[in-house]
Amino acid sequence: MGVSGPKTTLIVLLINTVIHVVSSFSTTEPSAIHEVKVIAPSPVQLPCDVDISLCPSQLHSIKVYKNGFRVYVYVRHNDTDSEMDEPEGDFLAQAKSRDVTRAKLNLDVDPPVIMVSETYLGDEGIYRCDVTYLQVHESCRTAAYTKLITLSKPTQLEVKFDGGIAENTSRIGSFVDGTKLTLSCEASGARPPAQITWWNKSTRLGAEPEDEGQLTASTIEVELTRRDLHSRFICQAMNEALQAPMVTWVDVDVHVRPLKVQFLPLDEPIVEEEKVSLICEAVGARPAAAIGWFNGTKELSSQDIKQIEIEEDGKHGTVTTRSTYSFTATKHSNGVEMRCTGLNLVMENKDEDPLETSVRLDVYYAPHPPMSEIELLPNLVHEHEDDNVTLECNVIAANPSEIYAYRWMKDGQINGESANNTFVLVDVDRDEVGNYSCMALNLFGWGPESENEELMVQYLPGPSSISYAPYLVVKNGRLTMKCNTKEMGHPPATEYIWYRDDILIKTKSQRVTFEAVTTQMLSNFTCAAVNPVGTGFFGHQTFDVL
């Protein structure tokens, strides 16, 4: 009886403890519950917050319950020095990412913990850890509670609209301005459910939220206008599992009519016999507008009309169409009304009239255009003599006779402009060689270009060099030397001068040949090109005779 009494008492006490704990769990909220949050499928440690070291009795077993159902059991058999250490229930499932048991009790730490290697959303619940000992003592804690909250990020965030599902970060449409567009953003798989917000650029939009468990939706309805050009509607989803919002967006392609049709101002007055280019543009359209031309009420042929460019406005998302009509003005063009129209697809679909603008031509004309001739004083100079050349433009006839400016041309290209009829070239060198002409400007514009006058600059030939053959000069052998000059001067050189040391060789040829070389040929040879201006720069050469 002395042996059986204590054992019977222990069993009763253990049963009373379990009943008390189970009754407490099932009827009242525990007084102290650890709360643990984990983002599935991350690992988690569930503490069994019972300090076993405070109990003088030996540990017998640890059982873990989830919402009242046992999921883990550990029993130590002290008489056989063995133990049972097994998950049960929900913890029996293998980890999805690897073929191992998900849960394991770790007694090497105090307090012990259940290490879950891969968390499922279904693991959420209240876990009770029951500890039993071989003997009961008032210092022995027997139960601890942990509330596990499983979180998950949204698995999908997508935007739906009247025409279907929009691809992530894509463009939808086209929609005509005035269209009422409904956009719905749905976040699925989030725990807790995601909070969804809509934004247009930096402006938050009012939205109607919808919540169906792990599927959260938010809907906006917008009436598209020109203000929505280049707009981006952004959907953001946020919950406790995210550090930053999950984002998707759609760009809405809005089509609008042009804002206006206008003529661009001309840079200069319209003058008789000059080619005129009128430019008309349709501004702020999407898609681009087509432009039509009319002379009075008569529509013009496309032969003289050119659509020169379609320019995109990156800021507003619209385009500007520019069209040019070119013609040669006559005095009969004066007073003619030119009309320009603009029409795009939005207006056509709504059966609207084109936008229109007009301009009345004001043509200047005169009996005689300005005429001029040019004179060069002098027209022949030598380089490096610091000569100046004066260009003088003389107007033969002009109506009106007042001249506002002179334009100076060299080889057909503008070389300068001046208010008076002379233009001075200072310290003339070979770079100024060319054909010069001039033009004069009166009230009606620039007159025709004068006849060309040639400016000639004479200069010496450039440096010379001597080449020879053969490469090895042999006694009694043949030797040919050549005087090479890249810059032949102006006028070009036609003769050459040769020296052997200081002795003039009697030849004007580019080549000098010796039929039998002697040792006396060990001399310094020089040559240069010669033109009417003089002798160019000498080149030098010496030889070794073998």
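**Figure 1. Arginine 407 is buried, at 17% relative accessibility.** Here buried means under 20% relative accessible area, exposed means over 50%, and partly exposed is whatever falls in between (1.4 Å probe, protein chains only). This is a predicted model, in which local features need pLDDT of at least 70 and side-chain atom pairs count only at pLDDT 80 or more, while totals for chains, interfaces and linings use all residues. Residues are numbered from 1 along each chain as its sequence is written, and side-chain values use heavy atoms, with hydrogens and water left out. The partner to look for is glutamate 417, which is partly exposed with a relative accessible area of 46%. Glutamate 417 and arginine 407 form a salt bridge, their closest N and O atoms 2.9 Å apart; the term covers a side-chain nitrogen of Lys or Arg within 4 Å of a carboxyl oxygen of Asp or Glu. The pair links distant parts of the chain, 10 residues apart: glutamate 417 sits in strand β34 (residues 413-418) and arginine 407 in strand β33 (residues 405-410). Strands (E, at least two residues) and helices (H or I, at least four) are DSSP runs, numbered from the N terminus.

**Figure 2. Glutamate 352 and arginine 257 meet through their side chains in a salt bridge (2.7 Å, N to O).** This pair also links distant parts of the chain, with the two positions 95 residues apart: glutamate 352 is in the loop between α2 (345-349) and β28 (355-360), and arginine 257 is in the loop between β19 (246-255) and β20 (260-263). Both ends get some solvent: glutamate 352 counts as partly exposed at 29% relative accessibility, and arginine 257 counts as partly exposed at 24%. Zoom out a little and salt bridges with shared partners tie Asp177, Arg257, Lys350 and Glu352 into one network. The whole structure holds 19 salt bridges.

**Figure 3. Aspartate 123 and arginine 102 pair up in a salt bridge at 2.7 Å, N to O.** They come from distant parts of the chain, 21 residues apart: aspartate 123 from the loop between β7 and β8, arginine 102 from the loop between β5 (82-87) and β6. Buried or exposed, where do the two fall? Aspartate 123 is buried, with a relative accessible area of 3%, and arginine 102 is buried too, at 1%. Phenylalanine 91 ties into this view: leaving aside neighbours within four places in sequence, its contacts include Asp123 and Arg102, as well as Leu46, Ile114 and Tyr127. A contact means heavy atoms within 4.5 Å.

**Figure 4. The largest nonpolar core has 26 residues, and Ile62, Phe91, Ile114 and Val131 touch the most other members.** Elements giving two or more residues to this core include β1 (33-39), β3, β4 (69-77) and β9 (143-151). Strand β8 supplies the largest share, 4 residues. A second, separate core has 25 residues, among them Val159, Phe233, Cys235 and Ala237. A nonpolar core is a set of buried Ala, Val, Leu, Ile, Met, Phe, Trp, Tyr and Cys residues joined through side-chain atoms within 4.5 Å.

**Figure 5. Cysteine 48 and cysteine 129 are joined by a disulfide (S to S 1.7 Å).** The pair links distant parts of the chain, 81 residues apart, with cysteine 48 in the loop between β2 (44-47) and β3 (59-66) and cysteine 129 in strand β8 (residues 125-133). A disulfide is a pair of cysteine sulfur atoms within 2.5 Å. The torsion about this S-S bond is about -70 degrees, so the link is left-handed. Cysteine 48 is buried at 1% relative accessibility, as is cysteine 129, with a relative accessible area of 4%. Arginine 128 also lies in strand β8 and counts as buried at 3% relative accessibility.

**Figure 6. Cysteine 393 and cysteine 438 form a disulfide, with sulfur atoms 2.1 Å apart.** Cysteine 393 lies in strand β32 (residues 389-397) and cysteine 438 in strand β36 (residues 434-442), so the bond ties together parts that are 45 residues apart in sequence. This disulfide is right-handed because its S-S torsion is about 75 degrees. Cysteine 393 is buried at a relative accessible area of 1%, and cysteine 438 at 0%. In all, the structure holds 6 disulfides.
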